[in-house]
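Visitor: I would like to take a close look at a single part of this model, and to understand how it sits among its surroundings. Could you walk me through it slowly, in connected steps?

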Amino acid sequence: MLSYKNYAISLMLVITFVTASVVTTPVQADGAGAFIGGIAAARIGRSIRDNNDAQEQQAYYAQQTAEAAQAQAQAQASPPQKSVEEQLAELQKLAAGGYITPAEYKTKKQQILDTM
Amino acid sequence: MNNKVYGFSISALLGAMLFLSPAADAKSALDGSSDLTCAAFEVVGCTDADNCTSGSARKFDLPEFMEVRFKKKVIHITYDGGDKQAESPINNSEINGSQLVLQGVENGHGWTMAVNTDNGRMSIAAVSDELTFTIFGACKVN
């Protein structure tokens with residue numbers, strides 16, 4: 001049979017042990033996943049990657065749009081190319097109307113024919 | 001006579017333990033003596049120097065509230081409509097100046113949470129080799 005002294009010492013040891021266990025050991029709930037290093041890190045990391053992908057896609061579309069606009073501007077800046085026949089007909093009209101001399105007509109006609 | 005002495009000793013011991021326990025220290029409500037409920041407001045996260053994103057906690061799909069449970073030494077959340085729960089174990093906690101500082105390590109991430117014991121302002125910083133993030137918010141006593 002335990003004496004009162006032994007009983008008291010045993011009780012103190014038990015209380016100390018239980019208290020130390022409660023104070024020093026984190027107690028996670030059953031089935032709980034990780035928070036900061038788990039769900040938070042995963043969702044923040046995913047959001048950063050999604051944002052980066054969206055920025056890259058946006059930059060790609062912006063570049064495509066800029067290139068298309070530049071091509072359109074160049075097309076509008078340069079006049080449409082006339083065919084040789086059209087150029088010769090126009091030149092003949094100028095000569096018939098007396099706007100150019102026969103010599104100029106001959107020179108220009110040769111230049112147009114040389115482009116063929 | 002002996003019964004009274006030992007009975008008194010046990011009572012004194014239990015009384016001292018209760019007196020010295022955090023729950024009995026009501027010096028400040030935000031000093032770790034009571035569990036806290038914290039709200040996440042804003043988040044800044046980086047995967048490298050040129051690849052950072054910031055925004056509201058909602059933008060990152062983080063839970064609005066988290067509970068700091070000092071007796072269990074965990075930070076506890078519920079998410080996805082309360083169906084799921086997650087926790088981070090607190091490995092170290094101390095008060096330094098007006099800051100209650102909690103620290104832990106989890107899944108390769110080291111984290112520190114600091115709560116201003118005067119006004120409840122809070123931030124959590126977590127790091128790993130490829131991701132760092134900071135959550136800004138505030139805490140109140142449960």
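Guide: Let us look at H3(A), where the number of buried residues is zero out of 13, so this helix lies largely in the open. The reasoning rests on a count of neighbours, since a residue is called buried if 20 or more other C-beta atoms lie within 10 Å of its own. Please keep in mind throughout that this is a predicted model.

As for its dimensions, H3(A) reaches 18 Å from its first C-alpha to its last, which is close to the 18 Å expected for its 13 residues at 1.5 Å a residue. After the helix comes A:Gly98, whose phi is positive, near 80 degrees.

Although H3(A) has no buried residues, it does have a partner: the axes of H3, which covers residues 84-96 of chain A, and of H4, which covers residues 102-114 of that chain, come within 10 Å and cross at roughly 180 degrees. In general, two packed helices are described by the angle between their axes and the distance between the axes. Angles over 145 degrees count as roughly antiparallel, and H3(A) and H4(A) are therefore roughly antiparallel to each other. On the side of H3(A), the contact is made by A:Val84, A:Gln87, A:Leu88, A:Leu91 and A:Ala95, while H4(A) contributes A:Pro102, A:Tyr105, A:Lys108, A:Lys109 and A:Ile112. Sorted by character, the residues of this contact divide into seven nonpolar, one polar and two charged.

To place H3(A) in its chain, it helps to know that chain A has four helices and one strand, arranged along the sequence in the pattern α-β-α-α-α. Of the 116 residues in chain A, buried residues make up 8%, and some of them are found in H2(A), where A:Phe35, A:Ile36, A:Gly37, A:Ile39, A:Ala40, A:Ala41, A:Arg43, A:Ile44 and A:Ile48 are buried. Helix H2(A) runs over residues 35-77, and its 43 residues reach 61 Å from the first C-alpha to the last, close to the 63 Å expected at 1.5 Å a residue. One of its buried residues, A:Ala41, is also the place where H2(A) bends by about 35 degrees.

Chain B, finally, offers another setting, with one helix and ten strands, and there buried residues make up 27% of the 142 residues.

How values were computed
Residues numbered from 1 in each chain as written. Chains lettered and ligands numbered in written order. Predicted model: local features only at pLDDT ≥ 70, side-chain atom pairs only at ≥ 80, totals over all residues. Helix = DSSP H or I, 4+ residues; strand = E, 2+ residues; numbered from the N terminus. Buried ≥ 20, exposed ≤ 12 C-beta atoms within 10 Å, placed from the backbone. Expected span 1.5 Å × (residues − 1). Bend = angle between axes of the 7 residues up to and from the residue. Axes fitted to C-alpha atoms, helices over the stretch in contact; angles between N-to-C directions. Parallel < 35°, antiparallel > 145°, perpendicular 65-115°, else oblique. Contact = placed C-beta atoms within 7 Å. Nonpolar A, V, L, I, M, F, W, Y, C, P; charged D, E, K, R; others polar.
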